[in-house]
Amino acid sequence: MASLSLHPATAAPPPRHSLASSLSWSASIAVSRIPPPPRLALHSPAPPHGPGSRQSLVVCAAYTRRSRGEAAERPNRKSWKQRTDMYMRPFQLNVFFSKRFVHAKVMHRGTSKVIAVATTNAKDLRLTLPSLIDENACRTIGRLIAERAMDADVFAMAYEPKKNERIEGKLGIVIDTIKEHGIIFV
């Protein structure tokens, strides 16, 4: 047992077997005598609290995206997500509920171009729907938005709820109807 070394570069190589006597593919690979790469300096910020407790390791040379000085110099700089989100999720759904109507539109975030629009204030819907703000009107708006977005070759869109806004009720009906008609929400 004393002849075993803990360092892999100084350890004795395992005996090589002939390919005929071993069925393992790993037996044909030569043992490397290259020393391992240098490790990062790790230290424990606090001593362990008991004999069986785990030590949390912290990397000494941590890299942050922005230092405090840089953040103080440029406080209005947008975060990485704010700068890249409009390219990752280019189409956004906007839904607005007034006291009398339901409005929905799909916009391209980069160019602010409106891709699809549906509202219960449109003349054909005003004359055909019995109520312009109930759940049936929300289902109709969701179906129209999905059809018009697919006609414009938009098959995925995003919806970002406003602060303290829940996706339930009429808004949930609009979004669920859009999903049922084949649009993916990312």
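This passage describes the fold, the sheet, the helix packing and the nonpolar core of a predicted model.

In the predicted model, the secondary structure of the protein chain comprises five helices and seven strands, which follow one another along the sequence in the pattern β-β-α-α-β-β-β-α-α-β-α-β. Of the 186 residues in the protein chain, 22% are buried, and the chain exposes about 14,400 Å², of which carbon and sulfur atoms supply 57%. Among the contacts in the protein chain with a separation of 6 or more, 48% join residues that are 24 or more positions apart.

Strands 3, 4 and 5 form an open sheet in the order 3-4-5, with antiparallel pairing. Strand 3 and strand 5 stand at the edges and have a single partner strand each, so one side of each of these two strands is left without a neighbour in the sheet. On average, and with direction ignored, neighbouring strands of this sheet are turned by 10° against each other. Strand 3 and strand 4 run antiparallel and are joined by seven bridges; they form a hairpin with four residues between them. Within this pairing, phenylalanine 91 stands opposite histidine 108 of strand 4. Strand 4 and strand 5 are likewise paired in the antiparallel sense, over five bridges, and form a hairpin with five residues between them, in whose turn serine 112 has a positive phi of about 60°. Here valine 106 stands opposite alanine 116 of strand 5.

Two alanines of the sheet illustrate how its residues are covered. Alanine 104, which is found in strand 4, has a relative accessibility of 3% and therefore counts as buried, the limit being under 20%. Leaving out residues up to four places away in sequence, alanine 104 touches Asn94 and Val95, Ala116, Val117 and Ala118, and also Ile141 and Ile145. The C-alpha atoms of alanine 104 and cysteine 138 are separated by 9.6 Å, although these residues lie 34 residues apart along the chain. Alanine 118, placed in strand 5, is also buried, at 1% relative accessibility. With the same exclusion of residues up to four places away, the contacts of alanine 118 are Val102, His103, Ala104, Ile141, Leu144, Ile145 and Arg148. The C-alpha atoms of alanine 118 and histidine 103, 15 residues apart along the chain, are separated by 6.1 Å.

Helix 4 lies across strand 3, strand 4 and strand 5, and runs at about 155° to strand 5. The axes of helix 4 and helix 5 come within 8 Å and cross at roughly 35°, and the crossing of the two helices is right-handed. To this contact helix 4 gives Glu135, Cys138, Arg139, Gly142, Arg143, Ile145 and Ala146, whereas helix 5 gives Lys170, Ile173, Val174, Thr177 and Ile178. Another residue of helix 4 is threonine 140, which is buried, with a relative accessible area of 10%. Apart from residues up to four places away in sequence, threonine 140 touches Leu125 and Leu129.

The largest nonpolar core holds 28 residues, among which Leu93, Val95, Val106, Ile141, Ile145, Met157 and Ile178 touch the most other members. Two or more residues of this core are given by each of strand 3 (91-97), strand 4 (102-108), strand 5 (114-119), helix 4 (135-151) and helix 5 (169-180). The largest share comes from helix 4, which supplies seven residues. In soluble globular proteins, nonpolar side chains tend to be buried together. The surroundings of valine 106 show how several parts of the chain meet at one core residue: neighbours within four places in sequence aside, valine 106 is in contact with Phe91, Gln92 and Leu93, with Lys113, Val114, Ile115 and Ala116, and with Ile145 and Met157.

Terms used:
Residues are numbered from 1 along each chain as its sequence is written. This is a predicted model: local features need pLDDT of at least 70, side-chain atom pairs count only at pLDDT 80 or more; totals for chains, interfaces and linings use all residues. Side-chain values use heavy atoms; hydrogens and water are left out. Buried means under 20% relative accessible area, exposed over 50%, partly exposed in between (1.4 Å probe, protein chains only). Contact means heavy atoms within 4.5 Å. Accessible areas come from the Shrake-Rupley method with a 1.4 Å probe; for residues, only the protein chains shown count as cover. A nonpolar core is a set of buried Ala, Val, Leu, Ile, Met, Phe, Trp, Tyr and Cys residues joined through side-chain atoms within 4.5 Å. Two strands pair if DSSP finds at least two bridges between them. Axes are lines fitted to C-alpha atoms, for helices over the stretch in contact, and angles run from 0 to 180 degrees between N-to-C directions. A crossing is left-handed if the near helix is turned anticlockwise from the far one by less than a right angle, and right-handed if clockwise.
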